Amino acid sequence: MNILVIKCGGSIINELSESFFHSVNQLQDRGYHIVFVHGGGPDINSMMEKFEIEPIFEDGLRKTTAEVLGIVELMLAGKSNRSLVHKLETHGIRAVGLNGSDGGILTGGFIDEQKLGAVGEIQQVNPELLGILLEKGYCPVLTPISITGEGTKLNVNADMAAGSVAKALSAEMCLFVTDVKGVLKDEQIIESLTETETLGLILDGSIHGGMIPKVNTALSVLNKGVGEVMIVSGKDHFYEAGQFIGTKFLQEEGVIQ
Ligand SMILES: Nc1ncnc2c1ncn2[C@@H]1O[C@H](COP(=O)(O)OP(=O)(O)O)[C@@H](O)[C@H]1O
Ligand SMILES: CC(=O)N[C@@H](CCC(=O)OP(=O)(O)O)C(=O)O
């Protein structure tokens, strides 16, 4: 089965273009079985603002108290997931929305409970339910919320969750859909990046903020049996005439997998 994992960023989830859905339709026609994992950072922030809670991030990860976790789950499972599934359905894509923790799909552990609260990293992905849905022609649409072995819910960065899903399913491709055309330098899109080049751009400050976890996840996925990894835009076509448009991550020359 040709599996494609598409991570939809919170930056773009409410503004995905018709061209984006057209690209998804084309990829389905080409025989790709698609799993979506989505974020929702901006929606979580605006709900926190309504509750007058200041968002705190440590290295790009949201400090998640019990109260914040309630808001995170409310927004990811109750808003972002519902809205993405609905949009996919209205574009002819049969989609089933699930919390990552449902059916033990994403199990995880705390990263640093003292420092970050209920923030997790994925330890295991259970592919069974995803496989059943994909075989029947449905696209699973997952929030990045995971659950520990003891049944505690954890907030996981959506880029990291998508990377774990892509690795576990040995996906042919993993795409990170965001609000820019790819990795930019001096406002120009960089068509391909090796690990060394990427680390250089982080060091010189060209890659910053939310792009850092994205490129780090992209590199870690590429080295773990996922064929191709790209950062693409949700504003335009990201697939046209058989070509993907965005920044592609490349193995270093001379590195044998
Ligand atoms: N070199 C770069 N190229 C492109 N975007 C960058 C770069 N460095 C930082 N960014 C920022 O990263 C943002 C995308 O990350 P983020 O907002 O976390 O997206 P998402 O919600 O899609 O995961 C861009 O909108 C841009 O502001
Ligand atoms: C631990 C952590 O930071 N979780 C993220 C989960 C959502 C996410 O990653 O959304 P984006 O794709 O929009 O960034 C958060 O609470 O914002």
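The chain has 257 residues and a radius of gyration of 17 Å; a compact globule of that length would come near 18 Å, so the two agree. The radius is taken over C-alpha atoms, and the globule rule is 2.2 Å times the number of residues to the power 0.38. Along the principal axes, the C-alpha atoms fill a box of roughly 45 × 45 × 35 Å.

This is a predicted model: local features need pLDDT of at least 70, side-chain atom pairs count only at pLDDT 80 or more, and totals for chains, interfaces and linings use all residues. Residues are numbered from 1 along each chain as its sequence is written, while chains are lettered from A and ligands numbered from 1 in the order in which they are written.

**Overall architecture**

The chain holds eight helices and 18 strands. These are DSSP runs, numbered from the N terminus: H or I of at least four residues for helices, E of at least two for strands. Buried residues make up 44% of the 257. A residue is buried if 20 or more other C-beta atoms lie within 10 Å of its own, exposed if 12 or fewer, and partly exposed in between; C-beta atoms are placed from the backbone. Among contacts with a separation of 6 or more, 75% join residues 24 or more positions apart. A contact requires C-beta atoms, placed from the backbone, to lie within 7 Å.

**Helix α1**

Helix α1 runs over residues 18–29. Its twelve residues should span 16 Å at 1.5 Å a residue, and its end C-alpha atoms are 17 Å apart, which agrees. The expected span is 1.5 Å times one less than the number of residues. Phe20, Ser23, Val24 and Leu27 are the buried residues of α1. They cover an arc of only 100 degrees around the axis, which puts them on the same side of α1. The arc is that of the directions from the helix axis to the C-beta atoms. An α-helix has 3.6 residues a turn, so residues three or four places apart point the same way. Glu18 and Asp29 are exposed on the other side of α1. The buried residues pack against β1 (3–8), β2 (33–38) and β16 (239–240). Gly31 follows α1 with a positive phi, near 100 degrees.

**Helix α6**

Helix α6 covers residues 158–168. Nine of its eleven residues are buried, so α6 is largely enclosed by the rest of the structure. The buried set is Ala158, Asp159, Met160, Ala161, Ala162, Gly163, Ser164, Val165 and Ala166. The cover over these residues includes β1, β2, β6 (106–110), β7 (120–125), β11 and α8 (211–222). Strands β1 and β2 also pack against the buried residues of α1.

**Two ligand shells**

Ligand 1 has 18 residues around it. A residue is near a molecule if its C-beta atom, placed from the backbone, lies within 6 Å of it. Ligand 2 has 17 residues around it. Two elements give two or more residues to the shell around ligand 2: α2 (41–50) and β4 (61–62). Ala158, one of the closest residues to ligand 2, is also buried in α6.

| Shell | Closest residues | Classes |
|---|---|---|
| Ligand 1 | Gly9, Ser11, Thr178, Gly210, Met211 | six nonpolar, ten polar, two charged residues |
| Ligand 2 | Gly10, Gly39, Gly41, Arg62, Ala158 | seven nonpolar, nine polar, one charged residues |

In these classes, Ala, Val, Leu, Ile, Met, Phe, Trp, Tyr, Cys and Pro count as nonpolar, Asp, Glu, Lys and Arg as charged, and the others, Gly among them, as polar.

**Loop residues**

Most residues other than glycine have a negative phi. Glu52 has a positive phi, near 55 degrees. Glu52 is in the loop between α2 and β3 (57–58). It counts as exposed because it has 6 C-beta neighbours inside 10 Å. Ser170 takes a positive phi of about 45 degrees just after α6. The loop of Ser170 leads from α6 to β11 (173–178). Ser170 is partly exposed, with 13 other C-beta atoms within 10 Å.

Ile12 lies in the loop between β1 and α1. With 20 C-beta neighbours inside 10 Å, Ile12 counts as buried. Leaving out residues up to four places away in sequence, Ile12 touches Val177, Thr178, Asp179, Gly234 and Lys235. Thr178 is also among the nearest residues to ligand 1.

Lys136 lies in the loop between α5 (127–135) and β8 (139–142). With 9 C-beta neighbours inside 10 Å, Lys136 counts as exposed. Its C-alpha atom is separated by 9.9 Å from that of Arg94, 42 residues apart along the chain.

Key
Two residues are in contact if their C-beta atoms, placed from the backbone, lie within 7 Å.
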